[in-house]
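Student: Please take me through one part of this model at close range. I would like to see how its strands pair and what packs beside them.

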Amino acid sequence: MPKKAVKKKGKSSNSYLFTSESVTMGHPDKVADQISDAILDAMLAQDPNSRVACETMVTTGLVVIAGEITTKGYVDIPDVVRKTIKEIGYTDPHMGFDYENCAVVVSIDRQSPDISQGVTEGSGLHKEQGAGDQGLMFGYACKETPALMPLPIYLAHQLTDQLSKVRQSNKLKWVRPDGKSQVTVEYDEKGKPKRIHTVVISTQHEPKVTYATLRKEIISKVIMPVLPKKFVDNKMIIHVNPTGKFVIGGPKGDCGLTGRKIIVDTYGGRGSHGGGAFSGKDPSKVDRTASYMARYVAKNLVAAGLCDACEVQLAYAIGVAKPLSVLVDCEGTAKVDERLIEKIVKDVFPLTPKAMINHLKLKKPIYQETARNGHFGRKKFTWEHTDMANKLRKAAGLPAKCKK
C-alpha cells in the first residue's frame with residue numbers, strides 16, 4: 001500500500017471502542033509456545049549457533065514435538081517438556097493433562113541444507129548471513145502507556161499476569177492454569193484513551209467453588225488491583241466466566257499449537273502483522289528477529305519524541321542480508337519530516353540478520369520468558385530498551401533530552 005493510502009488511526013470525528021485480549025501461561029496455545037521456546041533455550045545454552053524450528057502440539061495426555069533442529073549440543077527433549085509443564089502448573093492428573101503422566105512424542109529432523117547455506121555466512125549465493133526466510137515484519141509503539149504499548153493489550157497482559165500470580169501464590173487456591181482476559185477501551189475523538197469500557201476474565205477453576213465467590217474474588221483480587229483508577233468509572237462492564245463454568249480447560253479442553261496467538265504476542269490488533277509466529281524459532285529466523293528490531297526502532301522513535309505513534313515495516317528475502325524495504329508510518333504524528341525519519345532509521349539501526357542478532361544479543365537462552373504475557377512492553381528484553389533515542393534526536397537535528 002502506498003504511504004499516502006495508509007489509514008491514519010485515531011483521527012475519526014467520533015469516539016470509538018478498541019479491544020485486545022491476552023491469555024495466561026496455562027492456555028493450551030501458550031503451553032505449546034513455552035515448550036517450543038524452552039527447547040530453543042536449552043539448545044542455545046549449549047550451542048548459541050543452534051538452528052531451531054520447533055513446533056509443539058498439546059492435547060489430552062499428549063505432547064507432540066516436531067520440527068527441524070541442527071545443533072552441536074544435546075538436549076533431553078522429553079525432560080524439558082515435563083519441566084516446562086510442571087512450571088506452568090499442570091501438576092494434577094484430574095486436569096486431564098499433567099507433567100508426570102502425559103506422553104511425549106518427538107519427531108525432529110535436521111535443518112534443510114538448502115536453507116542452511118542461505119543463512120550460514122559465506123556459504124550461499126550471497127556471502128553475508130542472509131535472512132532465514134522471506135517475509136514482512138512489523139513493529140509498533142505509541143504513547144498510551146509508560147511501556148509505549150497500546151493501552152488495551154497492555155492491560156490485558158497485566159490481567160492475565162495477575163491471574164497467574166494469585167494462582168501461583170495460592171491467594172486464590174481454586175484457580176487453575178488456563179485463562180483469558182479481554183479489555184475494551186473507549187477512545188475520544190482525538191484518539192486518546194478515555195475510559196475502560198469492558199473487562200472480560202475467563203479462568204479455569206476447581207469444581208467446588210461457587211460462581212458468586214469466583215466472580216467476587218476475581219473482581220477484587222485480579223481486576224481492580226490492575227486497572228488504572230483514572231480509566232475506571234461506575235459504567236464499566238465486567239464479565240467473569242461468562243458461560244458460568246470453566247472446569248475443563250487447558251490441553252484437555254482445547255488442543256494447543258505453537259504460534260497460534262500471534263496477536264496476543266504482539267500489539268493486540270493495533271498496527272499490522274506480517275503473519276509469522278515467534279516461538280520455537282532461533283534468531284536466524286527474521287520472523288522473530290526482525291519483529292523485535294521493528295519494535296525496537298518504533299519504540300526508540302517514539303521515546304525520542306520524533307512521533308507520538310509509529311509503525312515500522314521490514315521485509316526480507318531468504319538468503320539476502322539487507323532488507324528489501326523499510327517503511328515508517330507515524331500515523332500523522334511525526335514531529336519532523338517522515339521521509340527524514342525513514343532515512344535516519346536506515347542510517348542508524350542495524351537491519352541485517354547478523355547485525356540485528358548481535359545488537360539485540362539474541363543468541364542467549366531468553367526465549368521461554370517471551371512466550372507468556374507478550375513479547376513486547378516488558379523492560380527485561382533488549383528490544384525494549386530506548387538507548388537509541390538520543391542518537392535519533394541528534395540525527396534529526398534536535399537536542400538530546402531522553403533518558404535510556
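Tutor: Start with the open sheet, keeping in mind that this is a predicted model. Four strands build the sheet, and their order is β1-β6-β7-β8. The pairing is mixed. At the edges stand β1 (16-23) and β8 (237-240). Each has a single partner strand, so one side of each is left without a neighbour in the sheet. From one strand to the next, the twist averages 15°.

Now go to the pair β6 and β7. Strand β6 covers residues 175-187, and strand β7 covers residues 193-205. They run antiparallel and share ten bridges. Pick out T184: its bridge partner in β7 is T198. A helix also belongs in this view. Helix α5 (residues 211-223) packs on the sheet, where it touches β7 and β8. The direction of α5 makes about 125° with that of β8.

Next, compare this with another set of strands, β2, β3 and β4. Strand β2 (residues 51-59) pairs with β3 in the antiparallel sense, over nine bridges. In this pair, M57 stands opposite V64 of β3. The two strands form a hairpin with two residues between them. Look at G61 in the turn: its phi is positive, at about 65°.

On to the pairing of β3 with strand β4 (residues 103-109). Here the sense is parallel, and the pair has seven bridges. G67 stands opposite I108 in β4. That same G67 belongs to the covered face of β3 (residues 62-70), along with V63, I65 and I69. The uncovered face of β3 carries L62, V64, A66, E68 and T70. V64, the residue opposite M57, is therefore one to look for on the uncovered face.

Finish with a helix pair. Helix α1 (residues 28-46) packs with helix α2 (residues 77-88) at an angle of about 130°, and their axes lie 9 Å apart. That makes α1 oblique to α2. Their crossing is right-handed. From α1, the contact takes in V31, Q34, I35, A38, I39, A42 and M43. They meet I77, V80, V81, T84, I85 and I88 in α2. By class, the contact residues are eleven nonpolar and two polar, with no charged ones.

Note on methods
Residues are numbered from 1 along each chain as its sequence is written. This is a predicted model: local features need pLDDT of at least 70, side-chain atom pairs count only at pLDDT 80 or more; totals for chains, interfaces and linings use all residues. Side-chain values use heavy atoms; hydrogens and water are left out. Two strands pair if DSSP finds at least two bridges between them. Axes are lines fitted to C-alpha atoms, for helices over the stretch in contact, and angles run from 0 to 180 degrees between N-to-C directions. Contact means heavy atoms within 4.5 Å. Angles under 35 degrees count as roughly parallel, over 145 as roughly antiparallel, 65 to 115 as roughly perpendicular and the rest as oblique. A crossing is left-handed if the near helix is turned anticlockwise from the far one by less than a right angle, and right-handed if clockwise. Ala, Val, Leu, Ile, Met, Phe, Trp, Tyr, Cys and Pro count as nonpolar, Asp, Glu, Lys and Arg as charged, and the others, Gly among them, as polar. Buried means under 20% relative accessible area, exposed over 50%, partly exposed in between (1.4 Å probe, protein chains only).
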